[in-house]
Amino acid sequence: MRLLNFPGCCCTMKGSGKAYAESLQSVLKAFDVEMEALEDWNCCGATICSSVDLEASLTMPLRNLALAEQQSGAGAARVEMMAPCSACFMVLNQAGDEVAKRTPRGISALKTLESNALTYAGNVKVRHPLDLLANDIGAREIAAKVVRPLHGLKAACYYGCLLVRPTAPFDDANRPTSMDRVVRALGAETVDWDANTRCCGGSLMATAEEVGLALSGEVFASAVQAGTDVIVTACPICEYNLECSQRKLRESRPGLKEMPAVYFSQLIGVALGIPGAELGLRRLLIPLEPALESAALKEHAHV
């Protein structure tokens, strides 16, 4: 399997989501998935651009879709492009929808592209790596490659507010299960909690920190109440925020349990026996290994 890769601003080897990029590269290689870098890509505008310039917020992701078609050649009937960041995944899909539905905004953005010698025929399918692993590769194939079962580990699968909303191209918008299936295939237990699709406040931390911290606090409180050992994410913004907000949250909640927040690809890599250096584990502010060792000890005591 071969896909184009749109890393976005975070998921490059020089971005804040470097650990995500490293672990995805290693895990997808284990399943014979090849990624080809999208050339000359630009920032997708994420969710922020739409608050200042609606036209640019559509033209920016649409340019990346047009480049994907161009790079794949004129004869390509369907192009698959991976977008690991939830915000990128959402805006790229929205841009494609605007063109497919021939909305006035979509038509206007196409004209802007044409004035810059680009066209977009609507042949790109944007994929999230969680979709790829959960639905194309599947839990059975993942479980077959596990060499270090994560028995005893209680994981809270956090989808966040953008990955399956507003549209849900590969999972249920209100009760997603794809990440839970993948994590259970690793031998871990997934907890039933009510904050799995709530906003973590990540995009607010730079402009309205108090609001962002309140939202992060709700996610942590729900995870702690569910008896979680680790929060598992599929987005570089969520992972960064859920790690970095813990110190400030502890100032007002001194009893808050320190909890690792990791990428789902890192957890898969650990279970597959991929060395930690290839999964970016050393980049975690709160290490994962103590939680794994504690869970293994608890599991051993119950046997």
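**Strand β3, the largest pocket and local backbone geometry**

In the predicted model, strand β3, which spans residues 79-82, is covered on both of its faces. Val79 and Met81 lie on one side of β3 and are buried, and Glu80 and Met82, on the other side, are buried as well. This arrangement can be read against the general pattern, in which the side chains of a regular strand alternate between the two faces of the sheet.

Strand β3 has pairing partners in β1 and in β4. With β1, formed by residues 2-5, β3 pairs in the parallel sense over two bridges, and within this pairing Asn5 has Met82 of β3 as its bridge partner. Strand β4, formed by residues 124-127, is joined to β3 by four bridges, and these two strands also run parallel. Here Glu80 stands opposite Lys125 of β4. Two of the buried residues of β3, Glu80 and Met82, thus appear in the bridging pattern, Met82 facing Asn5 as its bridge partner and Glu80 standing opposite Lys125.

The largest pocket of the model holds about 620 Å³ of space. Its lining comprises 30 residues, of which Thr47, Ile48, Gly202, Ser203 and Ile237 are the closest to the pocket centre. Two elements, α3 (residues 86-100) and α8 (residues 236-252), each give two or more residues to this lining, and the most are given by α8, which supplies five. Sorted by class, the lining consists of 21 nonpolar and nine polar residues, with no charged residue among them.

Several features of the backbone depart from the usual geometry, given that most residues other than glycine have a negative phi and most peptide bonds are trans. The peptide bond that joins Arg165 and Pro166 is cis, with omega at about 0 degrees, and Pro166 is placed in the loop that connects β5 (residues 154-157) with α6 (residues 178-185). Asp40, although not a glycine, has a positive phi of about 60 degrees; this residue is found in the loop between β2 (residues 34-37) and α2 (residues 54-72). Asp40 counts as exposed because its relative accessibility, 54%, is over the 50% cut-off. A positive phi, of about 55 degrees, is likewise found at Arg102, which is not a glycine either. Arg102 is located in the loop between α3 and α4, the latter formed by residues 104-114; α3 is also one of the elements that contribute to the lining of the largest pocket.

Note on methods
Residues are numbered from 1 along each chain as its sequence is written. This is a predicted model: local features need pLDDT of at least 70, side-chain atom pairs count only at pLDDT 80 or more; totals for chains, interfaces and linings use all residues. Side-chain values use heavy atoms; hydrogens and water are left out. Buried means under 20% relative accessible area, exposed over 50%, partly exposed in between (1.4 Å probe, protein chains only). Two strands pair if DSSP finds at least two bridges between them. On a 1 Å grid over the protein atoms alone, a cavity is a set of points where a 1.4 Å probe fits but cannot get out, and a pocket is an open set with protein on both sides within 12 Å along at least five of seven lines; lining residues have an atom within 4 Å of a point. Grid points are joined across faces, edges and corners, and a volume is the space filled by probe spheres set on the points. Ala, Val, Leu, Ile, Met, Phe, Trp, Tyr, Cys and Pro count as nonpolar, Asp, Glu, Lys and Arg as charged, and the others, Gly among them, as polar.
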